[in-house]
Amino acid sequence: MSRRHCAKRREITPDVKYKSIVLAKFINNVMKEGKKALAEKIVYGAFDIINDKYKVDPFETFLSAISNVTPQLEVTSVRVGGANYQVPSEVEQNRGNALSTRWLINFSQKRSENTMIKKLAEEIYDASNNRGASIKKKEDTHKMAEANKAFAHFNTKKTKN
(Lines give C-alpha, C1' and ligand atoms only; values in the text may rest on other atoms or scores of the structure.)
Protein backbone atom coordinates (compact mmCIF):
# COMPACT_ATOMS: atom_id res chain seq x y z
CA MET A 1 0.00 0.00 0.00
CA SER A 2 1.57 3.24 -1.14
CA ARG A 3 1.98 6.06 1.34
CA ARG A 4 2.31 8.76 -1.30
CA HIS A 5 -0.74 8.33 -3.49
CA CYS A 6 -4.15 6.87 -2.86
CA ALA A 7 -5.54 4.37 -5.32
CA LYS A 8 -7.47 5.86 -8.23
CA ARG A 9 -11.07 4.81 -8.67
CA ARG A 10 -11.69 3.10 -11.98
CA GLU A 11 -14.60 4.09 -14.18
CA ILE A 12 -16.95 1.14 -14.59
CA THR A 13 -19.14 1.16 -17.67
CA PRO A 14 -22.80 0.32 -17.05
CA ASP A 15 -24.05 -3.07 -18.19
CA VAL A 16 -25.44 -3.39 -21.69
CA LYS A 17 -29.00 -4.47 -20.94
CA TYR A 18 -30.14 -2.40 -17.93
CA LYS A 19 -27.60 0.49 -18.04
CA SER A 20 -26.82 0.00 -14.34
CA ILE A 21 -23.43 0.42 -12.69
CA VAL A 22 -24.50 -1.68 -9.67
CA LEU A 23 -25.37 -4.58 -11.96
CA ALA A 24 -22.10 -4.13 -13.89
CA LYS A 25 -20.13 -4.41 -10.63
CA PHE A 26 -22.18 -7.49 -9.70
CA ILE A 27 -21.37 -9.12 -13.06
CA ASN A 28 -17.68 -8.29 -12.54
CA ASN A 29 -17.80 -10.04 -9.16
CA VAL A 30 -19.46 -13.12 -10.66
CA MET A 31 -16.75 -13.24 -13.34
CA LYS A 32 -13.92 -15.74 -12.87
CA GLU A 33 -10.66 -15.84 -14.84
CA GLY A 34 -11.72 -12.94 -17.08
CA LYS A 35 -14.69 -14.76 -18.62
CA LYS A 36 -17.12 -11.84 -18.65
CA ALA A 37 -19.41 -13.29 -21.32
CA LEU A 38 -20.01 -16.33 -19.12
CA ALA A 39 -20.66 -14.11 -16.09
CA GLU A 40 -23.19 -12.07 -18.09
CA LYS A 41 -24.83 -15.31 -19.25
CA ILE A 42 -25.15 -16.46 -15.63
CA VAL A 43 -26.61 -13.18 -14.32
CA TYR A 44 -28.98 -12.57 -17.23
CA GLY A 45 -30.02 -16.23 -17.14
CA ALA A 46 -30.83 -15.84 -13.45
CA PHE A 47 -32.88 -12.75 -14.32
CA ASP A 48 -34.78 -14.77 -16.95
CA ILE A 49 -35.56 -17.48 -14.39
CA ILE A 50 -36.83 -14.87 -11.91
CA ASN A 51 -39.00 -13.34 -14.63
CA ASP A 52 -40.41 -16.68 -15.83
CA LYS A 53 -40.87 -18.43 -12.49
CA TYR A 54 -42.05 -15.62 -10.22
CA LYS A 55 -43.52 -13.15 -12.76
CA VAL A 56 -41.74 -10.16 -11.22
CA ASP A 57 -39.36 -7.58 -12.69
CA PRO A 58 -35.91 -9.18 -12.26
CA PHE A 59 -33.98 -5.89 -12.14
CA GLU A 60 -36.22 -4.47 -9.41
CA THR A 61 -35.93 -7.78 -7.54
CA PHE A 62 -32.13 -7.57 -7.85
CA LEU A 63 -32.05 -3.99 -6.53
CA SER A 64 -34.30 -4.87 -3.60
CA ALA A 65 -32.10 -7.90 -2.85
CA ILE A 66 -28.99 -5.72 -2.82
CA SER A 67 -30.63 -3.15 -0.54
CA ASN A 68 -31.97 -5.85 1.80
CA VAL A 69 -28.58 -7.55 2.14
CA THR A 70 -26.54 -4.33 2.57
CA PRO A 71 -25.52 -3.99 6.24
CA GLN A 72 -25.74 -0.66 8.08
CA LEU A 73 -23.31 -1.61 10.88
CA GLU A 74 -20.27 -3.83 11.15
CA VAL A 75 -17.55 -4.44 13.71
CA THR A 76 -13.93 -3.45 13.23
CA SER A 77 -11.06 -4.58 15.40
CA VAL A 78 -9.38 -1.75 17.32
CA ARG A 79 -6.32 -2.18 19.55
CA VAL A 80 -6.51 -0.10 22.73
CA GLY A 81 -4.00 -0.53 25.53
CA GLY A 82 -2.89 -4.00 24.55
CA ALA A 83 -6.42 -5.36 24.09
CA ASN A 84 -8.36 -5.80 20.88
CA TYR A 85 -11.96 -4.62 20.90
CA GLN A 86 -14.64 -5.29 18.35
CA VAL A 87 -15.94 -1.77 17.79
CA PRO A 88 -19.21 -1.21 15.88
CA SER A 89 -19.03 1.29 13.04
CA GLU A 90 -21.26 2.42 10.20
CA VAL A 91 -20.78 0.90 6.76
CA GLU A 92 -20.21 3.30 3.89
CA GLN A 93 -22.33 2.85 0.78
CA ASN A 94 -19.52 1.53 -1.44
CA ARG A 95 -18.43 -1.02 1.16
CA GLY A 96 -22.04 -1.99 1.85
CA ASN A 97 -22.67 -2.69 -1.83
CA ALA A 98 -19.43 -4.66 -2.07
CA LEU A 99 -20.36 -6.77 0.98
CA SER A 100 -23.87 -7.43 -0.28
CA THR A 101 -22.70 -8.54 -3.73
CA ARG A 102 -20.01 -10.73 -2.19
CA TRP A 103 -22.50 -12.35 0.20
CA LEU A 104 -25.11 -12.93 -2.54
CA ILE A 105 -22.55 -14.62 -4.80
CA ASN A 106 -20.89 -16.71 -2.08
CA PHE A 107 -24.13 -17.97 -0.57
CA SER A 108 -25.63 -18.68 -3.99
CA GLN A 109 -22.59 -20.87 -4.75
CA LYS A 110 -23.29 -22.88 -1.60
CA ARG A 111 -26.93 -23.60 -2.53
CA SER A 112 -28.04 -27.05 -3.60
CA GLU A 113 -29.58 -26.30 -7.03
CA ASN A 114 -28.02 -27.79 -10.16
CA THR A 115 -26.59 -24.82 -12.06
CA MET A 116 -25.14 -21.50 -10.98
CA ILE A 117 -27.91 -19.72 -12.90
CA LYS A 118 -30.60 -21.41 -10.78
CA LYS A 119 -28.62 -20.91 -7.57
CA LEU A 120 -28.18 -17.19 -8.21
CA ALA A 121 -31.81 -16.74 -9.21
CA GLU A 122 -33.08 -18.38 -6.03
CA GLU A 123 -30.66 -16.48 -3.78
CA ILE A 124 -31.59 -13.12 -5.35
CA TYR A 125 -35.31 -13.88 -5.04
CA ASP A 126 -34.93 -15.05 -1.43
CA ALA A 127 -32.89 -11.97 -0.52
CA SER A 128 -35.50 -9.68 -2.07
CA ASN A 129 -38.08 -11.34 0.21
CA ASN A 130 -35.85 -11.00 3.32
CA ARG A 131 -34.93 -14.64 3.68
CA GLY A 132 -31.97 -16.81 2.75
CA ALA A 133 -28.39 -17.21 3.88
CA SER A 134 -27.22 -13.75 2.80
CA ILE A 135 -29.95 -12.09 4.90
CA LYS A 136 -28.89 -14.26 7.85
CA LYS A 137 -25.30 -13.07 7.39
CA LYS A 138 -26.48 -9.45 7.50
CA GLU A 139 -28.50 -10.12 10.66
CA ASP A 140 -25.51 -11.85 12.30
CA THR A 141 -23.33 -8.83 11.46
CA HIS A 142 -25.90 -6.51 13.03
CA LYS A 143 -26.18 -8.74 16.12
CA MET A 144 -22.41 -8.67 16.53
CA ALA A 145 -22.42 -4.86 16.30
CA GLU A 146 -25.29 -4.64 18.79
CA ALA A 147 -23.54 -6.98 21.23
CA ASN A 148 -20.40 -4.82 21.15
CA LYS A 149 -22.23 -1.51 21.44
CA ALA A 150 -20.47 -0.92 24.79
CA PHE A 151 -17.19 -0.39 22.92
CA ALA A 152 -18.61 2.22 20.54
CA HIS A 153 -16.75 5.01 22.35
CA PHE A 154 -13.45 3.58 21.01
CA ASN A 155 -14.57 4.33 17.49
CA THR A 156 -13.02 7.29 15.69
CA LYS A 157 -16.10 7.55 13.45
CA LYS A 158 -19.44 8.27 15.08
CA THR A 159 -22.19 5.68 14.73
CA LYS A 160 -25.86 6.44 14.86
CA ASN A 161 -27.66 4.83 17.79
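**Figure 1. The hairpin formed by strands β1 and β2.** In this predicted model, strands β1 and β2 form a hairpin in which two residues lie between them. One residue of the turn is G81, whose phi is positive, at about 60°. Strand β1 covers residues 73–80 and strand β2 covers residues 83–90. The two strands pair in the antiparallel sense, and eight bridges connect them. Two pairs of residues may be followed across the hairpin. L73 stands opposite E90 in β2, and T76 has V87 of β2 as its bridge partner. In a regular strand, the side chains point alternately to the two faces of the sheet.

**Figure 2. The crossing of helices α3 and α5.** Helix α3 consists of residues 58–69, and helix α5 consists of residues 116–128. Their axes come within 7 Å of each other and cross at roughly 65°. The crossing of α3 and α5 is left-handed. On the α3 side, the residues that meet α5 are T61, F62, S64, A65, N68 and V69. On the α5 side, the residues that meet α3 are I124, Y125, A127 and S128. By residue type, the contact of α3 with α5 comprises six nonpolar residues, four polar residues and no charged residues.

**Figure 3. The surroundings of I66 in helix α3.** I66 belongs to helix α3. Is I66 buried or exposed? I66 has a relative accessible area of 5%, and it is therefore buried, the cut-off being under 20%. Leaving aside residues up to four places away in sequence, I66 touches N97, S100, T101 and L104. The helix α4 spans residues 93–109. For a sense of distance, K53 is 13 residues from I66 in sequence, and the C-alpha atoms of I66 and K53 are 20 Å apart in space.

**Figure 4. Two loop residues with a positive phi, K55 and N130.** Most residues other than glycine have a negative phi. K55 is a residue other than glycine, yet its phi is positive, near 55°. This residue is found in the loop between α2 and α3. K55 has a relative accessible area of 67% and is therefore exposed, the cut-off being over 50%. N130 is likewise a residue other than glycine with a positive phi, in this case near 60°. The place of N130 is the loop between α5 and α6, where α6 comprises residues 133–147.

**Figure 5. The exposed loop residues E33 and K110.** E33 is found in the loop between α1, residues 21–30, and α2, residues 36–54. With a relative accessibility of 77%, E33 counts as exposed. E33 and Y125 are 92 residues apart along the chain, and their C-alpha atoms are separated by 27 Å. Y125 is one of the α5 residues in the contact with α3. K110 lies in another part of the chain, in the loop between α4 and α5. Its relative accessibility is 66%, so K110 also counts as exposed. How far apart in space are K110 and A133, C-alpha to C-alpha? They are 9.4 Å apart in space, with their positions 23 residues apart in sequence.

**Figure 6. The protein as the setting of the close-up views.** The protein has six helices and two strands. From the N terminus on, these elements follow the order α-α-α-β-β-α-α-α. The C-alpha trace spans about 55 × 40 × 25 Å along its principal axes. Of the 161 residues in the protein, 35% are buried. The exposed area of the protein is about 10600 Å², of which carbon and sulfur atoms supply 50%. Among the contacts with a separation of 6 or more, 59% are made by residues 24 or more positions apart.

Conventions. Residues are numbered from 1 along each chain as its sequence is written. This is a predicted model: local features need pLDDT of at least 70, side-chain atom pairs count only at pLDDT 80 or more; totals for chains, interfaces and linings use all residues. Side-chain values use heavy atoms; hydrogens and water are left out. Two strands pair if DSSP finds at least two bridges between them. Helices (H or I, at least four residues) and strands (E, at least two) are DSSP runs, numbered from the N terminus. Axes are lines fitted to C-alpha atoms, for helices over the stretch in contact, and angles run from 0 to 180 degrees between N-to-C directions. A crossing is left-handed if the near helix is turned anticlockwise from the far one by less than a right angle, and right-handed if clockwise. Contact means heavy atoms within 4.5 Å. Ala, Val, Leu, Ile, Met, Phe, Trp, Tyr, Cys and Pro count as nonpolar, Asp, Glu, Lys and Arg as charged, and the others, Gly among them, as polar. Buried means under 20% relative accessible area, exposed over 50%, partly exposed in between (1.4 Å probe, protein chains only). Accessible areas come from the Shrake-Rupley method with a 1.4 Å probe; for residues, only the protein chains shown count as cover.
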